[in-house]
Amino acid sequence: YDDACKNIKNIHNIHLIDYSRDHLCKVDNDYILIANTSKHGLGQNLCHEINALDLDKIFIISCNKKSFINDYKLLQQKYSITYTFEINTNYCVCVYILDHI
């Protein structure tokens, strides 16, 4: 979050959220969600909020494949995985790109 605020020029809206309580709202049709999840994943509330947004594209960065699978079971109602790649450092981080069905 701090890196994005400092390094991305002309960014208008970037927010930290509470995964279990916050509600998401779509700002405009150019809105893209980039989620860097905890080891516990997005969770049921946030997946429901994401599905309600009807975004064209979502980027999810996850260090826990099991929690991502649980999240994806909820997200696959409206999204499909179109691209994945792994970044291996001292642990594995996966980046998933999901497109609206």
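Throughout these exercises, buried means under 20% relative accessible area, exposed means over 50%, and partly exposed covers what lies in between, with a 1.4 Å probe and protein chains only. The model is predicted, and local features therefore need pLDDT of at least 70, side-chain atom pairs count only at pLDDT 80 or more, while totals for chains, interfaces and linings use all residues. Residues are numbered from 1 along each chain as its sequence is written, and side-chain values use heavy atoms, with hydrogens and water left out.

**Exercise 1. Determine the strand order of the open sheet, and state which strands form its edges.**

Step 1. Helices (H or I, at least four residues) and strands (E, at least two) are DSSP runs numbered from the N terminus, and two strands pair if DSSP finds at least two bridges between them.

Step 2. With these criteria, the open sheet has four strands in the order 1-2-4-3, and its pairing is mixed. Strand 1 (33–36) and strand 3 (79–88) are the edge strands, each pairing on one side only.

Step 3. Neighbouring strands of this sheet are turned by 15° against each other on average, direction ignored; the axes are lines fitted to C-alpha atoms, for helices over the stretch in contact, and angles run from 0 to 180 degrees between N-to-C directions.

**Exercise 2. Describe how strand 4 pairs with strand 2 and with strand 3, giving the number of bridges for each pairing.**

Step 1. Strand 2 (residues 57–62) pairs with strand 4 (residues 92–100) in the antiparallel sense, over six bridges. Within this pairing, I61 has V95 of strand 4 as its bridge partner.

Step 2. Strand 3 and strand 4 also run antiparallel, and nine bridges join them. Here E86 has C94 of strand 4 as its bridge partner, and the two strands form a hairpin with three residues between them.

Step 3. Seven of the nine residues of strand 4 are buried, so strand 4 is largely enclosed by the rest of the structure.

**Exercise 3. Find the salt bridges of the whole structure, and work out which parts of the chain each one links.**

Step 1. A salt bridge is a side-chain nitrogen of Lys or Arg within 4 Å of a carboxyl oxygen of Asp or Glu, and a search of the whole structure finds three.

Step 2. K78 forms a salt bridge with D54, with the closest N and O atoms 3.0 Å apart. The pair links distant parts of the chain, since K78 is in the loop between helix 3 (65–75) and strand 3, whereas D54 is in the loop between helix 2 (43–53) and strand 2, 24 residues apart. K78 is partly exposed at a relative accessible area of 27%, and D54 is partly exposed at 33%. D54 also takes a positive phi of about 55°, just after helix 2.

Step 3. D99 forms a salt bridge with K57, the closest N and O atoms being 2.7 Å apart. D99 lies in strand 4 and K57 in strand 2, so this pair ties together parts that are 42 residues apart in sequence. D99 is buried, with a relative accessible area of 18%, whereas K57 counts as partly exposed at 28%.

Step 4. K65 forms a salt bridge with E86, and their closest N and O atoms are 2.7 Å apart. K65 belongs to helix 3 and E86 to strand 3, so that distant parts of the chain, 21 residues apart, are linked. Both residues are partly exposed, K65 at 42% and E86 at 44%.

**Exercise 4. Characterise the surroundings of Y96, and decide whether Y96 is buried or exposed.**

Step 1. Y96 lies in strand 4, and at 9% relative accessibility Y96 counts as buried.

Step 2. Taking contact as heavy atoms within 4.5 Å, and not counting residues up to four places away in sequence, Y96 touches I58, F59, I60, S62, K65, F68, I81, Y83 and T84. The C-alpha atoms of Y96 and I81, 15 residues apart along the chain, are separated by 6.7 Å.

Step 3. Y83, one of these contacts, lies in strand 3 and counts as partly exposed at 47% relative accessibility.

**Exercise 5. Identify which residues of helix 2 are buried, and state what covers them.**

Step 1. The buried residues in helix 2 are L46, C47, E49, I50, N51 and L53.

Step 2. What covers these residues includes strand 1, strand 2, helix 3 and strand 3.
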